[in-house]
Amino acid sequence: MSELIGKLLIEGDLRLLSPLIIGKGSGDNVDIEIIKDEDGQPFIPATSFVGLLRNYFYTHAELTEEELNVSKLFWGSSYEKPNENYYQSSLIVEDLYPITDISIKVRDGIKIDNEVNVALEKHKFNYEVVEPEAVFHMKLEVNVRRINEQNYIDTYKNIIFFLINGLRNNKIKLGAMTSKGFGMCQLENVNLYEYDFKEKSHVIAWLLNQTEAAKKIDIKPSNIKEKSIQTFVLSASFEIKNSLLIKSYPADPLDPDAVHINSNNRLVLPGTSLKGAIRHRALRIVNTLQGKQDTQNKLINELFGYVDEEKKEKKKSRIVVKESLIDENSIVQFLQNRIRIDRFTGGVIDGGLFDSYSIWPKKSEKGKKMLHVYIEINNFEDWEAGLLLHILRDLWTGDLPIGSEKSIGRGVLLGIDAIIKTHDEQFYLYKNNEGKLIVEGNIDKLESFSQALLMKCQESEEFS
């Protein structure tokens, strides 16, 4: 191992923009418990964090042969291939601990029967999340050795720039359920320092954990090119037609039986509920176009991902939704008492009184934006864009309700406007004063996406 001649130090604060799940398995009262240290303090393990950084780099960086070789020195390389050189990683990552107060909340989840769109019995689960706005301190070190003193140090810095800019721009997501809007984060207050151990003052500063004597490096755009990823993005605003309830169950027995879910005391449209709704509708659309009923449709599994416990197979979803805040200035909350009826006798079932605290639009806010939906598909094909457009139509017209108690009219949305982006085009949809839908952009292109969906379904039907 060659001589250590310097260090690169990266420090910054990682702020959560959405809930975070980094679980350690089941706990006493939850199915997934947030990982904590011996003092009960939640943290982000360095093993998880460095794995995310490495995966992001090799997934998104367009590397030259020289950059690829240097990256093996930076990240380390395994000795699985006996004919290749292998190196210890130059990157050292510390566990990320919070520097602000941390709020942990328990959320509930259910598994849905895709055939009848109801919850499966005995498939309710719960999990802990770290609430948004928590801030974790990030500290990374990079060893600079004599073997990479000259050309390699510049590439090391460009790798660091690439990672910092990815974290700054919310391109790296942490933990589990990232395709459902969890784990979004943003790097703030980041600084990069260079220690040259040829300088005595730098050695002393490093030993004393000081940065004043080190050389501060300006963070720049990386010279490493980013891969071009074809992304289809749908961003749409809606009003609530009647009422909305995505259930959360309070622990206090004096509280209502069900309230609308909140995050950091703000009402939200969770990505878990939205993605479940659009997946079921996508399955229904594809099955209709194929003329068959298939609860495990291959096209849907290819896009939304799947887990097959029997075959021990799984595929990560390529469709990503975000959790969004509900505009609390445009809604009110009402406590509604309800009863359960015996369908045979028409009487009230004993013990069947329950109540829910749902949200309703203010009459004065009708026609205004109340919530937002963000969906994107990475590496999309035209037929997948067409499928998402069909789902947008159903959400826009109120045909696809979301949340709980849909059978009594809850969860119906009405579209206000939408922006659709591909790698080379943009479209804007909105309602004019007469309520007519206006589309700005190449309508023929949108129609081609819809036609691609029809052709894909016919093709898959012929060869199934």
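Is Glu33 buried or exposed at 18% relative accessibility? Glu33 counts as buried, because 18% is under the 20% cut-off. The views below show this residue and others in a predicted model.

**View 1. Lys36 and its two acidic partners, Glu33 and Glu128.** Lys36 forms a salt bridge with Glu33, with 3.4 Å between the closest N and O atoms. A salt bridge also joins Lys36 to Glu128, where the closest N and O atoms are 3.1 Å apart. This second pair links distant parts of the chain: Lys36 is in the loop between strand E1 (4–16) and H1, Glu128 is in strand E6 (residues 118–130), and the two are 92 residues apart. Lys36 is partly exposed, with a relative accessible area of 22%, whereas Glu128 is buried at 12%.

**View 2. The salt bridge of Glu194 and Lys157.** The side chains meet at 3.1 Å, N to O. Glu194 belongs to strand E8 (residues 185–196) and Lys157 to helix H3, so far along the chain that 37 residues separate them. Both partners count as buried, Glu194 with a relative accessible area of 17% and Lys157 with 15%. Elsewhere, Arg281, Arg393, Asp394 and Asp399 are joined into one network by salt bridges that share partners. The structure holds 20 salt bridges.

**View 3. Aromatic cluster involving helix H1.** The search of the whole structure finds 15 aromatic pairs. In one of them, the ring centres of Tyr56 and Phe162 are 5.6 Å apart and the planes are at 40 degrees, so the pair is tilted. Tyr56 lies in helix H1 and Phe162 in helix H3 (residues 151–168), 106 residues apart; both are buried. Phe57 and Trp75 are also a tilted pair, because their planes are at 45 degrees, with ring centres 5.8 Å apart. Phe57 is in helix H1 and Trp75 in helix H2 (residues 65–75), so this pair ties together parts 18 residues apart in sequence. Phe57 and Trp75 are both buried. The cluster is made up of Tyr56, Phe57, Tyr58, Phe74, Trp75, Tyr156 and Phe162.

**View 4. Lys322 over the ring of Tyr374.** The charged end of Lys322 is 4.1 Å from the ring centre.

**View 5. The second largest pocket, with a volume of about 1,000 Å³.** Of its 27 lining residues, His60, Lys171, Lys173, Glu376 and Asn378 are the closest to the centre. Helix H1 (46–60) gives the largest share of the lining, five residues. Strand E11 (231–240) and strand E22 (371–378) each supply at least two. By class, the lining has twelve polar, eight charged and seven nonpolar residues.

Notes:
Residues are numbered from 1 along each chain as its sequence is written. This is a predicted model: local features need pLDDT of at least 70, side-chain atom pairs count only at pLDDT 80 or more; totals for chains, interfaces and linings use all residues. Side-chain values use heavy atoms; hydrogens and water are left out. On a 1 Å grid over the protein atoms alone, a cavity is a set of points where a 1.4 Å probe fits but cannot get out, and a pocket is an open set with protein on both sides within 12 Å along at least five of seven lines; lining residues have an atom within 4 Å of a point. Grid points are joined across faces, edges and corners, and a volume is the space filled by probe spheres set on the points. Helices (H or I, at least four residues) and strands (E, at least two) are DSSP runs, numbered from the N terminus. Ala, Val, Leu, Ile, Met, Phe, Trp, Tyr, Cys and Pro count as nonpolar, Asp, Glu, Lys and Arg as charged, and the others, Gly among them, as polar. Rings of Phe, Tyr and Trp (its six-membered ring) pair if their centres lie within 6.5 Å; planes under 30 degrees apart count as stacked, over 60 as edge-to-face and the rest as tilted. Buried means under 20% relative accessible area, exposed over 50%, partly exposed in between (1.4 Å probe, protein chains only). A charge sits over a ring if NZ of Lys or CZ of Arg is within 6 Å of the ring centre and within 35 degrees of the ring normal. A salt bridge is a side-chain nitrogen of Lys or Arg within 4 Å of a carboxyl oxygen of Asp or Glu.
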